[in-house]
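This report walks through the surface, the cysteines and some backbone details of one protein chain. Please keep the picture beside the text while reading.

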Amino acid sequence: MKLDDAAAHLEALGNPTRLKIYRTLIRAGAAGLPVGRLQDKLKIAPSTLSHHIKALVVVGLVNQVREATTLVCHANYEVMQGLVDFLVAECCADAESKDTKTAA
């Protein structure tokens, strides 16, 4: 994952309402949630919910599928895993060992 993509994902998740939406969709699993059910669960006004879902869709964290008259939202687990992998890829890469510190 590129740095700019990771930053865009993190920026989208930096809003508390969007983070709530995303976490709810993660908990819903592969089946996702219809927008109406998401609205009921989170008690968010329809226009506000739509605005926040759009921001998550634009960066690829959420996908929407129309099933007849129902719009169903799904967390994009592949993008989520890519972001997590990006964040931990170089964990402790520059850490000094205790032996290095005492040798100096």
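## The nonpolar patch

Helix α5 gives the most to the nonpolar patch, contributing four residues. The model is a predicted one, and in it this patch covers about 620 Å² of the surface and is made by Met1, Leu3, Leu10, Val84, Phe86, Leu87 and Val88. Two helices, α1 (residues 3-13) and α5, each supply at least two residues of the nonpolar patch.

Two members of the patch can be placed in more detail. Leu10 sits in helix α1, and Leu10 is classed as partly exposed because its relative accessible area is 39%, a value that falls between the 20% and 50% limits used for the buried and exposed classes. Met1, by contrast with a helix position, belongs to the segment before α1, and with a relative accessibility of 44% Met1 also counts as partly exposed. Along the chain Met1 and Ala30 are 29 residues apart, and their C-alpha atoms are separated by 23 Å.

## The positive patch

Which residues form the positive surface patch? The patch is formed by Arg23, Arg27, Arg37 and Lys41. Helix α2, which spans residues 16-28, and helix α3, which spans residues 35-42, each supply at least two residues of this positive patch.

Arg23 can serve as an example from this group, and its place is in helix α2. Is Arg23 buried or exposed? Arg23 is exposed, because its relative accessible area is 51%, and the exposed class begins over 50%.

## Two residues of helix α4

Helix α4 runs over residues 46-58, and Val57 is found in it. Leu49 is found in helix α4 as well, but the two residues fall into separate accessibility classes: Leu49 counts as buried, with a relative accessibility of 1%, whereas Val57 counts as partly exposed, with a value of 31%.

Each of these residues can also be related to a residue elsewhere along the chain. Val57 and Thr24 are 33 residues apart in sequence, and the distance between them in space, C-alpha to C-alpha, is 15 Å. For Leu49 and Glu11, which are 38 residues apart along the chain, the separation of the C-alpha atoms is 17 Å.

## The cysteines

How many disulfides are counted in this model? The count comes to zero, under a rule that requires a pair of cysteine sulfur atoms to lie within 2.5 Å. The sulfur of Cys91 has its closest cysteine sulfur in Cys92, at a distance of 3.3 Å, which is too far for a bond, so the pair does not meet the 2.5 Å cut-off.

The surroundings of the cysteines can be described through their accessibility. Cys91 counts as exposed, with a relative accessibility of 55%, and Cys92 is exposed too, with a relative accessible area of 57%. Cys73, on the other hand, is buried, because its relative accessible area is 0%.

## Positive phi angles in two loops

Most residues other than glycine have a negative phi, and the backbone of this model includes residues that depart from that pattern. One of them is Lys43, for which phi is near 55°, a positive value in a residue other than glycine. Lys43 lies in the loop between α3 and α4, and Lys43 is exposed, with a relative accessible area of 71%.

Cys92, already met in the discussion of disulfides, is another residue other than glycine with a positive phi, in this case near 65°. Where is Cys92 found? Its place is in the loop between α5, which covers residues 77-88, and α6, which covers residues 98-103.

Methods:
Residues are numbered from 1 along each chain as its sequence is written. This is a predicted model: local features need pLDDT of at least 70, side-chain atom pairs count only at pLDDT 80 or more; totals for chains, interfaces and linings use all residues. Side-chain values use heavy atoms; hydrogens and water are left out. Patches are made of residues with over 30% relative accessible area and no salt bridge: like charges are joined within 9 Å, nonpolar side chains (Val, Leu, Ile, Met, Phe, Trp, Tyr) within 5 Å. Accessible areas come from the Shrake-Rupley method with a 1.4 Å probe; for residues, only the protein chains shown count as cover. A salt bridge is a side-chain nitrogen of Lys or Arg within 4 Å of a carboxyl oxygen of Asp or Glu. Lys and Arg count as positive and Asp and Glu as negative; His and the chain ends are not counted. The place of a charge is taken as NZ of Lys, CZ of Arg, CG of Asp or CD of Glu. Buried means under 20% relative accessible area, exposed over 50%, partly exposed in between (1.4 Å probe, protein chains only).
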